[in-house]
Amino acid sequence: MAVSHPLRAHIGRAHTGGAGAGTLTEPLTRGEIEPQIEGRFRPFSVHQLTLAWWLHTSGHMTRRQLRVYFALNEMAERRNYTRPPEGRNARQRPLYRVEEVAVLVGGRGSPTALDELRADLRRLGALGLATFSPHQLTFAASADQVRVDDLSGFWAMLAQMPHQRRSVPVPRRTL
């Protein structure tokens, strides 16, 4: 059968493992399912990604705080895949630790580095972008939840983004 999208005939299908992973092979045929993102992904709205990037580029948070924000998202996504099955342990609450954030960000785990990381977590909480507690992570879904005096630069940046209502699948390895 013919390929449903003309560009897909040229792009082909990527291998999912073994030597030569990521190389192109035969094109997809109609009714065939495209391979999933290896290692899964975390969906972000265009609004959330633009908000995080704008806060960084406008000087409201540092590059490391941006990395911490994405590390928190990775931690939340990990808990989505490790939830206990329905039944006796279903009420068990997740446990989030600063040391896990340090590993994801690439920190050394020294007392000084952990103190700096705690300060970054407090800054994200003060901004309202993400809050960290031992049993809960929360993330701002819109700019209305962020505590910044002037959001006009954010709204101008968001207006330039195409497909603002779309969800962007960010590979967990990228997080």
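Which residue just after H4 takes a positive phi? Gly 106 does, with a phi of about 100 degrees. The legends below describe this and other sites in a predicted model.

**Figure 1. Overview of the predicted model and its order of elements.** The protein contains six helices and four strands. Along the sequence these follow the pattern α-β-α-α-α-α-β-β-α-β. Of its 175 residues, 33% count as buried. When contacts between residues at least 6 apart in sequence are considered, 65% of them join residues at least 24 apart.

**Figure 2. Helix H4 and the glycine that follows it.** Helix H4 spans residues 98–105. Its buried residues include Val 98, Val 101, Ala 102 and Val 105. Glu 100 of H4 is also buried. Gly 106, with its positive phi of about 100 degrees, comes just after the helix.

**Figure 3. Packing of H4 against H5.** Two packed helices are described by the angle between their axes and the distance between the axes. For H4 and helix H5 (residues 111–127), the angle is about 95 degrees and the axes are 10 Å apart. An angle from 65 to 115 degrees counts as roughly perpendicular, and H4 and H5 are therefore roughly perpendicular to each other. On the H4 side, the residues that meet H5 are Val 98, Glu 99, Val 101 and Ala 102. Their partners in H5 are Leu 114, Leu 117, Arg 118 and Leu 121. By class, the contact of H4 with H5 holds six nonpolar and two charged residues, and no polar ones. Val 98, Val 101 and Ala 102, which take part in this contact, are buried.

**Figure 4. Crossing of H2 and H6.** Helix H2 covers residues 46–57 and helix H6 covers residues 152–159. Their axes come within 10 Å and cross at roughly 130 degrees. Angles over 115 degrees and up to 145 degrees fall in the oblique class, and H2 and H6 are therefore oblique to each other. The crossing of H2 past H6 is right-handed. H2 contributes Val 46, His 47, Thr 50, Leu 51, Trp 53, Trp 54 and Thr 57 to the contact. H6 contributes Gly 153, Phe 154, Trp 155, Met 157 and Leu 158. Eight of the residues in the contact of H2 with H6 are nonpolar, four are polar and none is charged.

**Figure 5. Surroundings of Leu 51 in helix H2.** Is Leu 51, a residue of the H2 contact with H6, buried or exposed? Leu 51 has a relative accessible area of 0% and is buried, because buried means under 20%. Apart from neighbours within four places in sequence, Leu 51 is in contact with Leu 129, Ser 142, Ala 143, Val 146 and Phe 154. Phe 154 is also one of the H6 residues in the contact between the two helices. The C-alpha atoms of Leu 51 and Leu 151 are separated by 9.6 Å, although these residues lie 100 residues apart along the chain.

**Figure 6. Polar contacts of Asn 73 with strand E1 and within helix H3.** Asn 73 is in helix H3, which runs over residues 63–81. Its relative accessibility is 2%, so Asn 73 counts as buried. The side chain of Asn 73 reaches the backbone oxygen of Tyr 69 at 2.9 Å. The side chain of Asn 73 also makes a polar contact with the side chain of Arg 42, at 2.9 Å. Arg 42 belongs to strand E1 (residues 41–45). At 13% relative accessibility, Arg 42 counts as buried.

**Figure 7. Pro 94 in the loop between H3 and H4.** Pro 94 has a relative accessible area of 31% and is partly exposed. With neighbours within four places in sequence left aside, the contacts of Pro 94 are with Arg 79, Pro 134 and His 135. Pro 134 is 40 residues away from Pro 94 along the chain, and their C-alpha atoms are separated by 7.9 Å.

**Figure 8. His 163 in the loop between H6 and strand E4.** Strand E4 comprises residues 167–171. The phi of His 163 is near 55 degrees, a positive value in a residue other than glycine. His 163 is exposed, with a relative accessible area of 60%.

Key:
Residues are numbered from 1 along each chain as its sequence is written. This is a predicted model: local features need pLDDT of at least 70, side-chain atom pairs count only at pLDDT 80 or more; totals for chains, interfaces and linings use all residues. Side-chain values use heavy atoms; hydrogens and water are left out. Axes are lines fitted to C-alpha atoms, for helices over the stretch in contact, and angles run from 0 to 180 degrees between N-to-C directions. Angles under 35 degrees count as roughly parallel, over 145 as roughly antiparallel, 65 to 115 as roughly perpendicular and the rest as oblique. A crossing is left-handed if the near helix is turned anticlockwise from the far one by less than a right angle, and right-handed if clockwise. Contact means heavy atoms within 4.5 Å. Ala, Val, Leu, Ile, Met, Phe, Trp, Tyr, Cys and Pro count as nonpolar, Asp, Glu, Lys and Arg as charged, and the others, Gly among them, as polar. Buried means under 20% relative accessible area, exposed over 50%, partly exposed in between (1.4 Å probe, protein chains only). A polar contact is a pair of N or O atoms within 3.5 Å; within protein, one must be able to donate a hydrogen and the other to accept it, and residues adjacent in sequence count only if both atoms are side-chain atoms.
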